[in-house]
Amino acid sequence: MSKEAIKNLKTRLALKSSLAKETLAEFVATFVLIVLGCGCVAQAVLSRGVAGNVVTINIGFALAVTMAVYVAGGVSGGHVNPAITVAMCATGRMAWCKFPLYVCAQLLGAMVGAAAIFGIYYDAFMSFADGKLAVSGPNATAHIFATYPAPFLSIINGFAEQVASTALLIFSLFAICDAKNKGAPHGLEPVAVGLLIFVLACSLGMNSGCAMNPARDLGPRMFTAMAGWGREVFTAGNNWWWVPVVAPMVGGIIGAYTYVLSIEIHHQNQKEDTEQEGETFGKHEPTNSADIRLGSSETSAV
């Protein structure tokens with residue numbers, strides 16, 4: 001096929017609608033997040049700790065988020081997380097009309113990613129416990145895909161933990177992408193986001209795995225319910241399933257407005273920033289703080 005023919009084919013296949021491009025990017029990026037992130041968990045669990053542990057899982061998921069943001073950051077912002085999307089909409093950084101499309105793409109991408117992991121490790125799943133797909137017990141494998149609470153964790157404590165961890169996530173993301181603050185070097189924002197995910201998982205992951213992402217949790221959980229684990233994935237942990245769906249949305253809004261009210265609105269205006277540009281070491285070029293960017297898009301994250 002000639003170069004001209006290839007160019008014409010690309011032109012015909014290219015999406016014309018910017019919203020369609022953003023929606024597809026969110027789907028693909030969330031797929032990447034789940035395949036790489038849950039793949040780390042699958043490798044550790046199915047090998048019974050021989051090929052992975054909590055350290056490799058935390059590092060792997062952090063790098064999975066980094067890769068997902070690089071995949072979609074320049075198109076949709078690389079949200080891959082409804083909590084980020086709702087925070088962006090709630091603070092006027094993104095139109096609410098995009099919200100349902102972003103969230104549907106994220107959920108679908110997470111489900112397809114979970115299906116891919118199940119297919120890749122199908123033989124390992126079948127040999128792990130003589131083909132039994134368990135939600136609880138020593139041979140449980142459902143937690144490869146979604147989070148479940150520790151035995152000691154109450155619903156109230158778990159809800160508060162998810163609100164707090166997601167609020168910290170969004171608060172820190174806004175700081176990373178705030179050009180009037182120190183921010184992260186252009187192009188390295190996804191790396192900073194990955195480091196943020198790593199430290200949150202290391203510090204706040206013991207209770208329930210620190211989901212902080214409704215799509216990352218609900219999408220794969222829905223897949224496991226259909227793939228053989230059954231309805232127990234929704235009833236386990238005292239009907240835990242709704243906590244990592246609702247609490248991160250609340251935490252996302254809290255974290256966003258906390259950053260706006262405590263940091264962002266107190267920035268000096270653009271004229272004052274320009275006058276003091278040469279006096280402040282490491283200050284980024286002033287931009288409209290209401291337009292948070294990750295690469296060339298709106299924002300990022302888990």
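R93 is buried, its relative accessible area being 9%. In this predicted model, R93 and E264 meet through their side chains in a salt bridge, at 2.3 Å from N to O. R93 belongs to the loop between helix 4 and helix 5, and E264 to the loop between helix 11 (243-262) and helix 12 (270-275), so the pair ties together parts that are 171 residues apart in sequence. E264 is likewise buried, with a relative accessible area of 8%; the cut-off for this class is under 20%.

## Salt bridges

The structure holds 3 salt bridges. They are set out below with their N to O distances.

| Pair | N to O distance | Location |
|---|---|---|
| R93 and E264 | 2.3 Å | R93 in the loop between helix 4 and helix 5; E264 in the loop between helix 11 and helix 12 |
| E22 and K98 | 3.1 Å | E22 in helix 2; K98 in the loop between helix 4 and helix 5 |
| R221 and D217 | 2.5 Å | both in helix 9 |

A salt bridge joins the side chains of E22 and K98. Since E22 lies in helix 2 and K98 in the loop between helix 4 (82-90) and helix 5 (99-120), this pair ties together parts that are 76 residues apart in sequence. Both residues, E22 and K98, are buried.

R221 forms its salt bridge with D217. Both lie in helix 9 (residues 214-227), where they are 4 residues apart, about one turn of the helix. R221 and D217 are both buried.

## The largest pocket

The largest pocket holds about 680 Å³ of space. Its lining comprises 25 residues, and those nearest the centre are I57, G205, S208, G209 and C210. By residue class, the lining of the largest pocket divides into 17 nonpolar, 7 polar and 1 charged.

Which helices each supply at least two residues of this lining? They are helix 2 (18-46), helix 3 (54-72) and helix 8 (189-204). Helix 3 gives the largest share of the lining, with 4 residues.

## A nonpolar surface patch

L36, M67, Y70, L188, V191 and L195 make a nonpolar surface patch of about 540 Å². Helix 3 and helix 8 are the elements that give two or more residues to this patch. Both helices also appear among those that each supply at least two residues to the lining of the largest pocket.

V191, one of the patch residues, has its place in helix 8. V191 has a relative accessible area of 35% and is therefore partly exposed. This value fits the patch criterion, which requires over 30% relative accessible area.

Key. Residues are numbered from 1 along each chain as its sequence is written. This is a predicted model: local features need pLDDT of at least 70, side-chain atom pairs count only at pLDDT 80 or more; totals for chains, interfaces and linings use all residues. Side-chain values use heavy atoms; hydrogens and water are left out. On a 1 Å grid over the protein atoms alone, a cavity is a set of points where a 1.4 Å probe fits but cannot get out, and a pocket is an open set with protein on both sides within 12 Å along at least five of seven lines; lining residues have an atom within 4 Å of a point. Grid points are joined across faces, edges and corners, and a volume is the space filled by probe spheres set on the points. Ala, Val, Leu, Ile, Met, Phe, Trp, Tyr, Cys and Pro count as nonpolar, Asp, Glu, Lys and Arg as charged, and the others, Gly among them, as polar. Patches are made of residues with over 30% relative accessible area and no salt bridge: like charges are joined within 9 Å, nonpolar side chains (Val, Leu, Ile, Met, Phe, Trp, Tyr) within 5 Å. Accessible areas come from the Shrake-Rupley method with a 1.4 Å probe; for residues, only the protein chains shown count as cover. A salt bridge is a side-chain nitrogen of Lys or Arg within 4 Å of a carboxyl oxygen of Asp or Glu. Buried means under 20% relative accessible area, exposed over 50%, partly exposed in between (1.4 Å probe, protein chains only).
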